[in-house]
Structure formats: structure tokens, C-alpha cells
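Here's a quick tour of the fold you're about to see. Grab your viewer and follow along, starting with the overall layout and working down to individual residues.

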Amino acid sequence: MALSREDREQFLAEPHVGALSISHGPERGPLTVPIWYQYTPGGPLWFTTGKGSRKHQLIEASGFVSLMVERVEPSVRYVAVDGPVLRIEPGTDEQLVEMARRYLPPQTVDGYLDMARREHGESVAVFVETAHWLSADLGAF
């Protein structure tokens, strides 16, 4: 059964690991990778990625992305969204901290941030309009 607008937006706002897909050209399937993301109901979806990375280059070339998130308990549920990239801007340390706090247990955040600041290099923040939605809750099995 399809989710209501409120239910699908609330589900997307939860900290699921997303499967991000970006067109990779006419003779290949899309690049699909796991990604941490942020979403507030009614607003744009956003995530960060390495500046100049293959993912960044494909996003710039395509101008569109798709994201799917799912769970299997307490029921099988998924939400998929796609839409145009609204903007790409330099990533900030505040965004890095926000994402780490969203996804990691509190006791591991500082260690992750130390590593990310040391090893990840520059990033960009990608903001996406959630233009098209597909969702379902298939119930418990």
C-alpha cells in the first residue's frame, strides 16, 4: 500500500542509509552507491560527497539523482524519490558534524569527525528537489 504524503516524508526524514543513483551515460547502468543524507519534510534532500569525485562529476553532468531508502522491520517499507539538483555548494564542517550526529552513536562521533577531517578532503553539498515519489508499506511478514 502506498504511503500518505506525511508518512513518506516522515520515513524519508529518518536516518536510513540511502541508495543514491546517478546516470552514468547511455551505455552503462546508473552509478548506485550507499549514502548518508538529510531531509526535513517539505524541504530539499541534501547530502555531501567528495569535491571532484566521480559521483560529483556525474551529478553535475546529469543534473538529476534518485534515492531509495528501505527497512524490513517492523514492516517492509520503502520510499524512492528523484528530482533535479537545485544547487551544489562547498561542503561545510557544520554539515559534516550534522551528518555524523545523525548516523553514528554519540560515543563514536568525535573519532569519526577526526578521521573525516583528516582523510576525506574537500566536499560539496548537493541539494535535490524531491519532485517524484514512490512508496509502499508491504506489511509485516
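## Overall layout

How many helices and strands does the secondary structure of the protein come to? The count is four helices and eight strands. Keep in mind that this is a predicted model. Going along the sequence, the elements come in the pattern α-β-β-β-β-α-β-β-α-α-β-β.

As for dimensions, the radius of gyration is 16 Å, close to the 14 Å that the globule rule gives for 141 residues, so the protein is as compact as a globular protein of that length. If you're setting up a box, the C-alpha trace spans about 45 × 45 × 25 Å along its principal axes.

## Strands around β5

Strand β5 covers residues 64-71 and pairs with strand β1, residues 18-22. The two run in the antiparallel sense, and three bridges hold the pairing. To find the register in your viewer, look at Ala-19, which stands opposite Met-68 in β5.

β5 also pairs with strand β6, residues 76-90. This pair is antiparallel too, with eight bridges joining the strands. Here a handy marker is Arg-71, whose bridge partner in β6 is Arg-77.

## The hairpin and its cis proline

What joins β5 to β6? It's a hairpin, with four residues making the connection. Pro-74 has its place in that loop between β5 and β6.

The peptide bond between Glu-73 and Pro-74 is cis, with omega at about 0 degrees. So if you're checking omega values along the chain, Glu-73 to Pro-74 is one to look up.

## Where α3 meets α4

Now for a helix pair. Helix α3 (residues 93-103) packs against helix α4 (residues 106-119) at an angle of about 140 degrees, and their axes lie 10 Å apart. Why is α3 called oblique to α4? Angles over 145 degrees would count as roughly antiparallel and 65 to 115 as roughly perpendicular, so this one falls under oblique. The crossing of α3 past α4 is right-handed.

Which residues make the contact? From α3 there are Asp-93, Leu-96, Val-97, Ala-100 and Arg-101. The α4 side brings in Val-109, Tyr-112, Leu-113, Ala-116 and Arg-117. Sorted by class, the contact of α3 with α4 has seven nonpolar residues and three charged ones, with no polar residues.

Definitions and conventions: Residues numbered from 1 in each chain as written. Predicted model: local features only at pLDDT ≥ 70, side-chain atom pairs only at ≥ 80, totals over all residues. Heavy atoms only, no water. Axes fitted to C-alpha atoms, helices over the stretch in contact; angles between N-to-C directions. Parallel < 35°, antiparallel > 145°, perpendicular 65-115°, else oblique. Left-handed = near helix turned anticlockwise from the far one by under 90°. Contact = heavy atoms within 4.5 Å. Nonpolar A, V, L, I, M, F, W, Y, C, P; charged D, E, K, R; others polar. Pairing = 2+ DSSP bridges. Rg over C-alpha atoms; globule rule 2.2 N^0.38 Å.
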